[in-house]
Amino acid sequence: MPSPEFEALITAIRASPRPEPAAGSAGVRQARESMDLALGSIPLADGVLTGETDAGGCPAVWVRPQGGAMDRVLLYLHGGGYRAGSAGAFSGFASHFASVMGMPALLPDYRLAPEHPFPSAVEDAVQAYKWLLAEGYSPGRVVLLGDTAGGGLVVATMLAARDLGLPQPAAGACLSPLFDLTASGESYDKFAEDDPIYSRAQALAAATDYLGEASPREPLASPLFADLSGLAPLMVHAADREVLVDDARTLVAGVLAAGGRANLEVWPDLMHFWHVFVPDIPESTAAVLGVAEFLLTYIGA
C-alpha cells in the first residue's frame with residue numbers, strides 16, 4: 001500500500017488541472033516555465049555545494065558533497081522532453097544522489113529543442129562524457145543517470161559512445177524513461193486515465209520539437225529501435241500504471257536479448273518519475289537509495 005504521504009500527494013496532483021501540451025514556441029515556453037518552477041524549488045541536500053564549469057564546450061554544473069570521493073563521478077542527464085529543463089533546475093534533485101553516493105555529479109546543460117534539434121542533446125551528452133574521461137576519470141568510475149527524456153539520453157549516450165569506439169561507463173540508470181518517440185506503447189492507452197503526470201500528447205509534442213527533420217525511429221532519438229548490444233549494465237525504473245511503462249519493459253527486454261545486463265523494477269501504485277519527491281515521500285527515498293546502490297555496485301571500491 002502507498003504511504004500516507006504519497007496518498008496525500010497524489011490526491012493533490014489529481015485535483016490540479018493538467019496543462020494541455022503543445023508543440024512550438026507556446027508549448028516550449030510553458031514546458032520550460034513549469035519545469036524550472038517545479039524542479040528549481042527542490043533544495044540541495046545537506047552539505048552539498050554547486051559550481052558552474054565548461055565540460056569541453058558544454059556548460060555544466062558540478063554538484064559536490066563535502067568530503068565526497070573525487071575519483072568517481074555521476075553524469076546526470078536531466079529530463080524535460082529535450083525541450084525543457086536545465087542543469088541548474090535539476091541540481092537540487094541530483095544532489096540527493098550525489099549525497100547518498102558520496103561522489104560528485106556533473107549535470108550538462110545540453111542544448112534544447114526546437115532551437116537545437118536532434119542530435120544536439122546527444123552530441124552534448126557525449127561531449128560531457130568525453131570531457132570527464134579527458135579529465136582523468138576512469139570509465140569504470142563513471143556512471144550515468146537520467147530521468148524521463150534524460151533516461152532515453154542515457155541509453156543514447158551509451159550507444160553513441162559505443163559507435164565512436166569509446167569505452168562504456170561502469171553502469172547507467174533510467175528513471176521513468178522515454179525510449180520511443182513514436183509513442184506507440186500500449187501503456188499510453190491502457191493507463192491514460194491513471195497517469196496524472198505524463199501522456200501521449202506530451203510525448204508527441206516533445207518529439208515534434210526535438211526531431212526536426214529526423215525520423216522518430218532514429219536509434220539515437222528512440223533507443224527502442226537501436227542495436228542494444230555492447231552497453232554497460234542498466235537499471236530501469238517505472239511505475240506500474242504510468243504511460244511509459246511499456247517503453248521500460250521493451251527496452252530492457254531488448255538489452256537482455258542482445259546479451260546485455262539490465263534490471264527492470266516496476267514499482268506498484270506509484271506514478272511517473274515519483275523519485276522527484278525525495279526526501280519527503282518514503283517511496284521516493286527508497287527508489288533513490290536503490291538506484292544509488294545499483295550504481296555503486298559497478299563502480300567498485
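The stretch from residue 74 to residue 275 has its end C-alpha atoms 17 Å apart, and 37% of the span is helix and 15% strand. Helices here are DSSP runs of H or I with at least four residues, strands are runs of E with at least two, and both are numbered from the N terminus. UniProt, in an unreviewed entry, gives residues 74-275 the feature "domain: Alpha/beta hydrolase fold-3". UniProt positions are in the numbering used here, feature names are shortened, and annotations may be inferred rather than shown by experiment.

Before the details, some ground rules. This is a predicted model, where local features need pLDDT of at least 70 and side-chain atom pairs count only at pLDDT 80 or more, while totals for chains, interfaces and linings use all residues. Residues are numbered from 1 along each chain as its sequence is written, and side-chain values use heavy atoms, with hydrogens and water left out.

Now the helix pairs, beginning with α2 and α3. Helix α2 covers residues 24-40. It packs against α3, residues 87-101, at an angle of about 30 degrees, with the axes 8 Å apart. An axis is a line fitted to C-alpha atoms, for helices over the stretch in contact, and angles run from 0 to 180 degrees between N-to-C directions. The crossing of α2 and α3 is left-handed, meaning that the near helix is turned anticlockwise from the far one by less than a right angle; clockwise would be right-handed. Met35, Asp36, Leu39 and Gly40 of α2 make the contact with Ala89, Phe90 and Phe93 of α3, where contact means heavy atoms within 4.5 Å. By class, that contact has 5 nonpolar, 1 polar and 1 charged residues. For the classes, Ala, Val, Leu, Ile, Met, Phe, Trp, Tyr, Cys and Pro count as nonpolar, Asp, Glu, Lys and Arg as charged, and the others, Gly among them, as polar.

Staying with α2, Ala38 lies in this helix. Ala38 is partly exposed, at 43% relative accessible area; the cut-offs are under 20% for buried, over 50% for exposed and partly exposed in between, with a 1.4 Å probe and protein chains only. Ala38 and Val276 are 238 residues apart in sequence, yet 9.7 Å apart in space, C-alpha to C-alpha.

Next, α3 and α9. The axes of α3 and α9, residues 282-299, come within 10 Å and cross at roughly 55 degrees. The two helices are therefore oblique; under 35 degrees counts as roughly parallel, over 145 as roughly antiparallel, 65 to 115 as roughly perpendicular, and the rest as oblique. Their crossing is right-handed. On the α3 side the contact is made by Phe97, Val100 and Met101, and on the α9 side by Val288, Leu289, Val291, Ala292, Leu295, Leu296 and Ile299. Those residues divide into 10 nonpolar, no polar and no charged.

The third pair is α4, residues 120-134, with α5, residues 149-163: about 70 degrees, axes 9 Å apart. That angle makes α4 and α5 roughly perpendicular to each other, in a right-handed crossing. Ala121, Val122, Ala125, Val126 and Tyr129 of α4 meet Leu153, Ala156, Thr157, Ala160 and Ala161 of α5. Here the split is 9 nonpolar, 1 polar and no charged.

Ala134 is also in α4, and is exposed at 65% relative accessible area. Its C-alpha atom is 9.2 Å from that of Gly56, with the two positions 78 residues apart along the chain.

On to the backbone. Most residues other than glycine have a negative phi, and most peptide bonds are trans. Where are the cis bonds I want to point out? One joins Ala113 and Pro114, with omega about 5 degrees. Another runs from Phe118 to Pro119, with omega near 10 degrees. Pro114 is in the loop between β4, residues 105-108, and α4, and Pro119 lies in the loop between β4 and α4 too.

As for positive phi, Asp269 has a value near 65 degrees, and Phe273 has one near 50 degrees. Asp269 lies in the loop between β8, residues 262-267, and α9, as does Phe273. Is each side chain's residue buried or partly exposed? Asp269 is partly exposed at 28% relative accessibility, whereas Phe273 is buried at 8%.

Last, Ser199, in the loop between α6, residues 187-190, and α7, residues 200-211. Ser199 is buried, with a relative accessible area of 14%. Leaving out residues up to four places away in sequence, Ser199 touches Arg18, Tyr188 and Val243.
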